[in-house]
Amino acid sequence: MQDAREKIIRYYKGTEGEAVAVKLVDFAAQAIKNRKCKLTGFLSPFEQEMTGVIANSLGSLNVDFYGGYRGAERQRAAFCHEEFQGAPNFEIVVIKAEWNGEFARIGHRDILGSILSLGVDREYIGDIIATKDFARLLVDKKMANYFTANLTQIGGTTVKTSLDELENISPKEERTKEIKSTVASLRVDSIAAAGFGMSRSKAAQEISAEKIKLNWQTVKNASQSVKEGDILIMRGRGRLEVAEVRGQTKKGRVGVLLKRFF
């Protein structure tokens with residue numbers, strides 16, 4: 001157990017996920033020790049991937065994910081010992097924040113900024129689903145009363161908050177587009193250019209500006225290689241999956257099938 005723990009932490013050392021990896025390993029260890037379930041905070045997709053790696057590495061564990069509705073991006077994980085017979089309780093509730101949409105334009109960034117300004121850690125907040133005049137916030141159940149009492153303004157606009165029901169959230173339906181292309185190589189700038197519809201030099205600029213992530217980690221080098229199954233995310237442009245690498249063409253280029261999510 002100790003050897004596996006140290007191996008996992010060494011693997012993520014120096015990456016954006018190092019601190020989270022330490023916390024997740026400790027959660028998993030508690031689930032194994034107590035032979036019960038241990039619930040995490042809300043996790044990003046990259047952190048969810050880490051969670052699966054940790055559960056597989058330590059053994060004796062199952063892991064389930066839930067974000068409050070089908071298609072949620074940020075989800076909580078439940079590390080459950082293999083002998084645990086019950087079903088995990090993810091303890092997620094919905095806060096509805098309402099405002100007058102005729103006089104105020106409020107978006108996801110405004111809402112998240114106002115929540116974080118209350119001194120709340122990001123791990124207590126799941127997806128934020130905003131419309132013209134209200135938003136639903138998926139949050140940790142133990143923070144519900146705090147939010148309804150203290151989230152009274154967003155971006156200078158007065159809001160009214162109340163508890164809502166998970167059943168009122170519609171499952172997320174993502175639009176996708178398949179892109180068949182050939183690239184000079186499997187460098188990240190080449191794949192980003194093909195998938196997001198830009199020149200390779202422009203993709204390199206976006207990488208330098210730290211606007212592109214590979215498997216939910218910021219890309220530091222445009223020459224970094226990608227492989228089948230990898231995910232690229234570009235700020236403001238959506239998500240791209242390297243669905244298939246089809247081998248070289250007669251001209252020495254690499255055929256790829258990309259799937260873009262909007």
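Which residues in α2 meet which residues in α3? I shall open with that question this morning, and then widen the view to the rest of the chain. Please keep in mind throughout that this is a predicted model.

On the α2 side, the residues are Val20, Ala21, Leu24, Val25, Ala28 and Ile32. They meet Glu47, Met50, Thr51, Ile54 and Leu58 of α3. Sorted by class, this contact has nine nonpolar residues, one polar and one charged.

For those new to the subject, two packed helices are described by the angle between their axes and the distance between the axes. Here, helix α2 covers residues 18-34 and helix α3 covers residues 45-58. Their axes come within 10 Å and cross at roughly 45 degrees. The two helices are therefore oblique to each other. The crossing of α2 past α3 is right-handed.

Let me add a neighbour of this pair, tyrosine 12. Tyrosine 12 belongs to helix α1, residues 2-12. Is tyrosine 12 buried or exposed? Its relative accessible area is 6%, so tyrosine 12 counts as buried. Leaving aside residues up to four places away in sequence, tyrosine 12 touches Gly17, Glu18, Ala21, Phe46, Met50 and Val53. Two of these names, Ala21 and Met50, you have already heard in the contact of α2 with α3. By contrast, glycine 255 stands 243 residues further along the chain, and its C-alpha atom is separated from that of tyrosine 12 by 31 Å.

I turn now to strand β1, and to threonine 40 within that strand. With a relative accessible area of 1%, threonine 40 is buried. Its contacts, again apart from residues up to four places away in sequence, are Leu24, Phe27, Arg76, Ala77 and Phe79. Leu24 is also among the α2 residues that meet α3.

The same strand takes part in a covalent link. A disulfide is a covalent bond between the sulfur atoms of two cysteines. The count for this model comes to one disulfide. Cysteine 37 and cysteine 80 form the bond, with their sulfur atoms 2.0 Å apart. The link is right-handed, with 105 degrees about the S-S bond. Because cysteine 37 lies in strand β1 (residues 37-43) and cysteine 80 in strand β3 (residues 75-81), the pair ties together parts that are 43 residues apart in sequence. How do the two partners stand in terms of accessible area? Cysteine 37 is partly exposed, at 28%, whereas cysteine 80 is buried, at 5%.

Further along the chain we come to helix α6, residues 188-196. How many of its nine residues are buried? Eight are, and the helix is thus mostly covered. The buried residues are Val188, Asp189, Ser190, Ile191, Ala192, Ala193, Gly195 and Phe196. They pack against one helix, α7 (200-208), and against the strands β10 (176-183), β11 (212-214), β13 (231-234), β14 (238-248) and β15 (254-261). Just after α6, glycine 197 takes a positive phi of about 70 degrees.

Finally, the chain as a whole. The chain has seven helices and 15 strands. Its C-alpha atoms fill a box of roughly 65 × 55 × 30 Å along the principal axes. Of its 262 residues, 41% count as buried. Among contacts with a separation of 6 or more, 61% are between residues 24 or more positions apart. Thank you for your attention.

Key:
Residues are numbered from 1 along each chain as its sequence is written. This is a predicted model: local features need pLDDT of at least 70, side-chain atom pairs count only at pLDDT 80 or more; totals for chains, interfaces and linings use all residues. Side-chain values use heavy atoms; hydrogens and water are left out. Axes are lines fitted to C-alpha atoms, for helices over the stretch in contact, and angles run from 0 to 180 degrees between N-to-C directions. Helices (H or I, at least four residues) and strands (E, at least two) are DSSP runs, numbered from the N terminus. Angles under 35 degrees count as roughly parallel, over 145 as roughly antiparallel, 65 to 115 as roughly perpendicular and the rest as oblique. A crossing is left-handed if the near helix is turned anticlockwise from the far one by less than a right angle, and right-handed if clockwise. Contact means heavy atoms within 4.5 Å. Ala, Val, Leu, Ile, Met, Phe, Trp, Tyr, Cys and Pro count as nonpolar, Asp, Glu, Lys and Arg as charged, and the others, Gly among them, as polar. A disulfide is a pair of cysteine sulfur atoms within 2.5 Å. Buried means under 20% relative accessible area, exposed over 50%, partly exposed in between (1.4 Å probe, protein chains only).
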